[in-house]
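User: Could you take a close look at one small sheet in this model for me? I'd like to know how its strands are arranged and what packs against them.

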Amino acid sequence: MIDDAAADAAASGAVGGVLDPEHPQGTFVLEPEVMAPLVARIASSEGSGTHRSMCPFTGAPLVTFPVSSAEDVAAAVVRARVAQRTWARRPVRERAGVLQRLGQLVLERQSEALDLIQLETGKARRAAFEEVADIAQVARHYAVRGERYLSSRRHAGMIPLLTGVRVHRRPIGVVGAVTPWNYPLVLALAEALPALLAGNAVVLKPDPQTTLTALWAAEALDDAGLPAGLFQVVAGGREVGEELVEHVDHIAFTGSTATGRKVAARAGERLIGATLELGGKNALYVADDVDVDAAVPGIVRACFANAGQLCVSVERLVVHEAIADEFVAKFVRAVRSLRLGPALDYTADVGSLTSQAQLDKVTAHVDDALARGARVLAGGVHRADVGPYFYAPTVLDDVPAQAEVAREETFGPVVTITRVDCDEDAVTVMNDTEYGLHAAVWSRDTGRARRVAERIECGSVAINDGYTLTWGSVAAPLGGWKASGLGARHGAASIDGLTRQQTVVTSRGSRFGATLDTLYGLGGETPSRVLTTALSAMRRLRMG
Ligand code: NAD
């Protein structure tokens with residue numbers, strides 16, 4: 001039994017409560033007057049086809065919208081380019097003002113955003129709220145730190161006093177963003193906000209399943225005062241993403257490693273920059289000194305937030321043998337008590353998977369592991385009684401190394417257990433993957449945990465937390481190593497990726513008739529001798 005309350009409710013036909021079968025959209029009724037202004041924001045023309053999304057809670061149709069043609073994508077980038085030229089000349093403070101207002105507006109209108117996010121993804125409301133909170137954080141951070149991140153820097157010149165060097169940050173131009181469906185508000189804005197702050201324009205191609213949330217983000221930016229043309233949404237699937245890569249000056253791609261490789265290859269041919277936020281097979285080590293009762297709730301959340309459809313969620317638990325029996329028993333009990341549900345409120349712990357493709361992948365990974373001898377400790381079943389794509393939070397033990405679930409990203413509510421007898425083995429197991437996105441270490445001894453963290457080949461490691469503190473530390477870089485990506489978002493790292501640097505060197509000596517040419521004009525060996533003496537003196541003075 002996974003979730004008695006949900007199963008009983010399903011039997012009585014009352015799961016979720018707020019979702020009326022006649023109105024699968026739930027309480028936020030997507031009537032034409034709500035939908036039409038959002039859909040009208042799509043950069044599309046007549047006759048380029050349509051796409052119909054569905055509500056994962058019920059499988060019922062959600063919205064039909066036009067997709068963008070190749071010409072629509074090209075035209076959107078041209079409009080963005082025109083708008084960007086004016087925007088880049090606006091003071092940083094003015095651009096930061098848009099972000100300040102956006103951050104506040106997202107908090108104030110959160111119920112609209114939460115409903116839309118839930119209806120498009122099927123996630124639990126608390127996972128949807130993480131998106132709202134993240135965007136409020138990111139917007140505030142860049143609004144406050146923007147001027148500092150973008151300010152020009154002075155450096156020592158080649159000849160002290162006679163030369164001056166300044167390095168400026170210039171916007172790249174039009175940034176293309178291609179994003180998946182799992183955190184649609186975060187993915188629409190997390191990279192777009194620093195890009196806009198830096199003076200770029202953004203053209204976003206969201207996953208077709210979560211286009212409405214992206215359009216809501218566009219509307220919110222508009223209401224926050226962003227001038228027209230600077231943030232546009234093109235709609236559709238792979239072809240539209242491919243077309244966008246052909247026109248933009250930088251591509252910020254988030255998605256699977258397989259697609260990331262293709263996007264990076266094309267960006268390489270076009271010689272444009274690419275930021276790649278890709279997949280992971282994240283591990284969490286439970287050391288032998290943990291307080292198991294205190295640790296279990298956080299570790300459950302680390303594995304099953306957003307039904308595991310989170311790039312930084314944990315799919316491999318690596319547990320010290322000395323506490324494995326106690327930990328596994330208590331962990332499994334807590335997993336079995338998670339509440340599943342399709343409610344547009346905070347009653348459910350875990351929501352639905354977002355699509356049939358997600359359900360198929362999760363089912364295939366679990367079935368493959370079972371066929372190879374793994375044991376199910378919790379879950380392992382499709383919960384069609386709750387909704388068409390719900391899958392019970394699942395814990396697998398004795399998973400052979402060749403099983404798909406042991407090596408490939410599942411991106412679902414499935415976690416495996418591996419026992420180790422020392423920290424050394426834990427590090428070896430955690431690093432035994434092509435991915436390097438995120439990891440976590442749980443120990444009472446934070447010094448010990450930090451020593452383990454230093455040896456993990458990942459872009460981020462959390463100690464005594466799953467992913468929330470890492471994600472929420474918006475001043476620090478968040479990005480993957482190995483097959484998990486290139487570049488990073490958050491803090492100065494985003495600005496580095498979304499700007500070009502320009503070095504301006506000034507010869508001040510011309511005022512006194514003392515330029516480099518004056519030196520070279522001395523002729524013969526003299527310039528070399530003077531420079532040799534100067535370079536030796538600079539070395540002795542330890543000038544950098
Ligand atoms: P996906 O790669 O299939 O699709 C992502 C986006 O790329 C979609 O908008 C899709 O339409 C588009 N696309 C597909 N093929 C394309 C192509 N050839 N050229 C241009 N665009 C193309 O990803 P998915 O499976 O839908 O999403 C889940 C993946 O995203 C998981 O692997 C997850 O780990 C990853 N993810 C990573 C992060 C991160 O920050 N590292 C965040 C969220 C999700």
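Analyst: Happy to, and a good place to start is R170, which stands opposite R500 in β20. This is a predicted model, so please read the details below in that light. The strands β4 (residues 163–171) and β20 pair in the antiparallel sense, with 9 bridges between them.

Stepping back to the whole sheet, it is an open one made of 3 strands, ordered β3-β4-β20, with antiparallel pairing. The edges are held by β3 (153–156) and β20 (499–507); each has a single partner strand, so one side of each is left without a neighbour in the sheet. From one strand to the next, the twist averages 30 degrees.

As for what packs here, helix α19 (residues 491–498) lies across β4 and β20, and its direction makes an angle of about 75 degrees with β20.

For some context, the UniProt record, an unreviewed entry, places the feature "domain: Aldehyde dehydrogenase" at residues 47–504. Over residues 47–504 the chain is 44% helix and 21% strand, with the end C-alpha atoms 49 Å apart.

You may also like to glance at the ligand while you have the model open. It is surrounded by 26 residues, and the closest are T179, K205, S256, L278 and E409. A backbone N or O atom of T179 lies 2.7 Å from an oxygen atom of the ligand, and a polar side-chain atom of K205 lies 2.7 Å from an oxygen atom of the ligand. Taken alone the ligand exposes 860 Å², of which the protein buries 88%.

Terms used
Residues are numbered from 1 along each chain as its sequence is written. This is a predicted model: local features need pLDDT of at least 70, side-chain atom pairs count only at pLDDT 80 or more; totals for chains, interfaces and linings use all residues. Side-chain values use heavy atoms; hydrogens and water are left out. UniProt positions are given in the numbering used here, feature names are shortened, and annotations may be inferred rather than shown by experiment. Helices (H or I, at least four residues) and strands (E, at least two) are DSSP runs, numbered from the N terminus. Two strands pair if DSSP finds at least two bridges between them. Axes are lines fitted to C-alpha atoms, for helices over the stretch in contact, and angles run from 0 to 180 degrees between N-to-C directions. Contact means heavy atoms within 4.5 Å. A residue is near a molecule or strand if one of its heavy atoms lies within 4 Å of it. A polar contact is a pair of N or O atoms within 3.5 Å; within protein, one must be able to donate a hydrogen and the other to accept it, and residues adjacent in sequence count only if both atoms are side-chain atoms. Accessible areas come from the Shrake-Rupley method with a 1.4 Å probe; for residues, only the protein chains shown count as cover.
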